[in-house]
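Open the model in your viewer and keep the selection tool at hand. Each stop below says what to select and what is there.

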Amino acid sequence: MEEKTPRVEIIPEQCKGCELCVVECPQDVLFMSKKINQFGYMVAEYKGDGCTGCGFCFYACPEPGTITVYKKKRVKKEASA
Amino acid sequence: MQEVLGKPEGFVDNFVRKPGDYPKVTHYCPGCGHGRVHKLIAEAMADLEISDKTVLISPVGCTVFAYYYFDCGNIQSAHGRAPAVGTGVGRSNPGSITISYQGDGDLGAIGTAEIIHAANRGENMTVIFVNNGIYGMTGGQMAPTTLEGQVTTTTPTGRDIDEAGHPMRMSEMIATLEAPVFVERTAVTDTKNIMKTRKAIRKALKSQKDGYGFSFVEILSSCPIGWKMKPVAANQRITDEMVPYFPLKNFKDEIENRSPRPTKTVDPDPNKIIEVLGVDKDERLFKKDQSFIDNFKDQHVRIAGFGGQGVLLAGTTLGYLGMETGLNTTWLPSYGPEMRGGTANCHIVLSNKEVGSPLVEKASTLIAMNQPSLNEFGVTVKPGGLIVINSSTVEGKYTERDDVTCLYIPMNEIAESLGVMQAANMAALTAYLAYSKAFDVDMLTSLIKANFKKKTLIEKNVAVIQKTYEYVKENYLN
Amino acid sequence: MKREFIKGNEAIAKASLLAGCTHYFGYPITPSSEIIHAVANLYPKVGADFVQAESEIAAINMCYGASCAGRRVMTASSSPGISLKQEGVSYMASAELPCVIIDIMRAGPGLGNIWPEQSDYTQVVKGGGHGSYKCPVLAPNSPQEMCDFTIDAFELADKYRTPVYVLSDAYTGQVMEPVEFPSEVKKVKKNDWAIYGDKESKHNLVTSIQMNTTEMEKVNIVLDNKYKEIMEKEVRYSEYMMDDAEMVIVSYGIASRLSRSAIDELRSKGIKVGLFRPISLFPYPTKKLAALADDKVKLFVSVELSNGQMLEDVKIAVNGKKPVEYYGRMGGAIPTHDELVEVLDGFYKKHLG
């Protein structure tokens, strides 16, 4: 089953817990979890709902690949494929 | 289909050059502004499709390891020298993109000269200047951009502007120069400013891609560890404390007003080199005469006078005569400030053997074009030697020596009478050759005809040679 | 003309183009300035690139950049300028970048003056900058050799991926002599390590930093092995009147020419004296000198325009087997012919008379 969009994915193993994405998120759907990764950083998490795909968190994050934002799915004629 | 905002393609997939076990994360501290800037550059490189032809230079500072990350050619360079290295690499790879990624200590302190001059030359280069007001990698010392009162490890009581000077505004300085096309200061504090930074970086790189030359983007950025602050608070500090001193604005945007410069290829044609250097034709003025060479008596000649008398040219002319007849020849001039003092002299050695020292300490012949030269060098002439004296400028006879032969030649008068004042040196040379018979005077004439370019000058010089020869014959060769 | 009566400095500029050099970055300083003058005149005419840099440090780092891009590149200066360049040379040695550096030595220390000395020997031959590195050093003593060794230096630099010096002096730079130039331009191959600003070479990296100590040690070992190979293969020297010499003058550059004149006179007095002229200063012809010390030579004299910087290398080679004397002048002063003859005669009498 394809996951719904828009949504944000944060790879916890690549998060350094700086909190900058949380601060930038206009929808307030990111939060600092109590989970600690292999480095010992508390990592940022997505609430699972409410992302608008604005991408603010992506540009806020200093790490290259920690955050991926999947914007709204564009409907294309894929039915026949 | 969905639009994805993820790791830009301008990054390598795995940071394999980075030591350790985690090839997906950077070496930067949590919340470091460099990461944000890196992402914007990587994205721009991918979107502008320039990563294949981009060379990124990272000098010393926290970004010394930028080559772990970017999917382009990477050069690590010495502290502050990236703009010089960029000058070299950019000129060597015409049409490529050069990015110099520098910190504040690098660009504003140790490398001030390099950045100013690369900007002033308008090198094809985009400089990304990350200003966080502190030396991050070295351990939190004062940077040229550290704010007044800011505590660092080298300003433990805060930066005292009376002692350490004021924080330097580099963008403002760069913008005063003519060549840069685009100079802007931004900040990576919040989304709005990050987007402005994104736009500035793209504009700068695009302008370079399109051939406009030098662009400069200063980015205020946080160093949470160096500042001893949490990342969120550190970003707030940029807004509250740095921005009031370092205003965020565009200082210069001349892209619209200028034309792209054509790419200057550097690919010299070997045939052209041979032609320009003239090393293809082996012409000899005189046929080699082995008996002349074998019978040649070593000549140690000193020619001296004041600047403008053609002393050095007389010397090289004699040297050419030596070369063209197959002798070994050296010519050593006075040089540097010695010449600026208005005097000139040179040493010429001519021999059929290999010449050791090119210095003429004891001249077999002295040509003295004026009184000071005669005074200084007359005493150095070998017993039995020859002194050719310019009697136009030297009054009376030379009485210091009775063991040398003196010729008194009115060099100026001879030259002037033929309307070529500057040929007094030719008169000098002719007198020496006519009397010493080191070379046939005709050889000098042939050489002048071959080496001088202007026809009228040749004729006049030849006339001087002839008249001097007559003078010597009449007065000294009986 | 293929043959030209030309200054040593100008011969270098012409030779660089014949060697396939496409980029020159430099800062003017007497007595090397004729090089930059000639380059400024010639390079643009043939489509080569020339920049008058803002400083010696910038110039050597521009060389670093051009070398990264696989170009043959040259810079030239004189002693105080060479001191400034040492940073860049160390980086290039570490990053294994080829480059040709011309040093037209003047007197020091400090600003000194513009007359010839040979007191850059230590800084140029022994490394000069920080770190365990050395650069091959060729020491011409005539304009013809200025031409020839400049071309050789480019070949050596590419062969061993290292900066190479041509170490000369004010007089050899200023003196004019007939020079015969080659009439073809050296072909330069692409390097698989260089960064050409294209897809094929974009994964290349030029760096001199290795934070891991064993990795940095590996870099040093690679360099050290390279220097050993250079010591094995690239030693150059010349000899004059050495067949029966009991006293050997060890001398390079302009001093070797002064020595040669003195030797001619001493020979005419019946003294068996010869000239051993190191041409490569690194690698130094240590083995050959050692062999001479083992053989019939009874006395060595280092004649140089410094306080005995090369003398140390002569002593290392001779290794106490035979006496080693030194004579030199400093401050830009040159021993007169009579002075040198007298001093050498004195050494001969003291040890062998």
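The tour goes from one whole chain to the contacts between chains, and then to the sheets. Keep in mind throughout that this is a predicted model.

**Stop 1: chain C**

Select chain C and colour it by secondary structure. Twelve helices and 15 strands make up its list of elements. Its radius of gyration is 20 Å, close to the 20 Å that the globule rule gives for 353 residues, so chain C is as compact as a globular protein of that length. Turn the chain along its principal axes: the C-alpha atoms fill a box of roughly 70 × 50 × 40 Å. Of the 353 residues in chain C, 60% are buried. Now look at contacts between residues at least 6 apart in the sequence of chain C: 80% of them join residues at least 24 apart.

**Stop 2: where chains B and C touch**

Show chain B as well. Two pairs of chains touch, and the pair with the most contacts is chains B and C. On the chain C side 68 residues take part, and they are in contact with 60 residues of chain B. Select residues 56-68 of chain C: this is helix α3, which gives nine residues, the largest share of the side of chain C that touches chain B. That side has 34 nonpolar, 19 polar and 15 charged residues.

**Stop 3: where chains B and A touch**

Add chain A. How far apart are the nearest C-alpha atoms of chain A and chain C? They are 19 Å apart, and these two chains do not touch. Chain A does meet chain B, in a contact with 26 residues from chain B and 26 residues from chain A. In chain B, select β1 (2-5), α1, α7 (191-209) and α9 (231-245), each of which supplies at least two residues of the side that touches chain A. The largest share, five residues, comes from α1(B). By class, this side of chain B has 13 nonpolar, seven polar and six charged residues.

**Stop 4: a sheet with strands from two chains**

Hide chain A and select the open sheet of eight strands, in the order β10(B)-β8(B)-β9(B)-β5(B)-β4(B)-β2(B)-β3(B)-β9(C). Its pairing is mixed. At the edges are β10 (249-253) of chain B and β9 (205-206) of chain C, each pairing on one side only. Zoom in on β9(C): two bridges join it, in the parallel sense, to strand β3 (residues 73-76) of chain B. In this pair, I75(B) has V206(C) as its bridge partner.

Next select residues 125-131 and 214-220 of chain B, which are strands β5 and β9; they run parallel and are joined by seven bridges. M125(B) has F214(B) as its bridge partner. Helix α1 (residues 33-47) of chain B lies across β2 (54-58), β4 (97-103), β5 and β9 of chain B, at about 160° to β5(B).

**Stop 5: the other domain of chain B**

Colour chain B by domain: domain 1 is 33-156 + 164-253, and domain 2 is 289-476. The C-alpha centres of the two domains lie 62 Å apart.

Finish at strand β13 (residues 343-351) of chain B. Seven of its nine residues are buried, so β13(B) is largely enclosed by the rest of the structure. Strand β11 (residues 299-306) of chain B runs antiparallel to β13(B), with eight bridges between them; H300(B) is the bridge partner of V349(B). Strand β12 (residues 328-333) of chain B is also antiparallel to β13(B), with six bridges, and here W331(B) stands opposite I348(B).

Notes. Residues are numbered from 1 along each chain as its sequence is written. Chains are lettered from A and ligands numbered from 1 in the order in which they are written. This is a predicted model: local features need pLDDT of at least 70, side-chain atom pairs count only at pLDDT 80 or more; totals for chains, interfaces and linings use all residues. Two strands pair if DSSP finds at least two bridges between them. Helices (H or I, at least four residues) and strands (E, at least two) are DSSP runs, numbered from the N terminus. Two residues are in contact if their C-beta atoms, placed from the backbone, lie within 7 Å. Axes are lines fitted to C-alpha atoms, for helices over the stretch in contact, and angles run from 0 to 180 degrees between N-to-C directions. The radius of gyration is taken over C-alpha atoms; the globule rule is 2.2 Å times the number of residues to the power 0.38. A residue is buried if 20 or more other C-beta atoms lie within 10 Å of its own, exposed if 12 or fewer, and partly exposed in between; C-beta atoms are placed from the backbone. Ala, Val, Leu, Ile, Met, Phe, Trp, Tyr, Cys and Pro count as nonpolar, Asp, Glu, Lys and Arg as charged, and the others, Gly among them, as polar. Domain bounds come from an automatic or database domain assignment.
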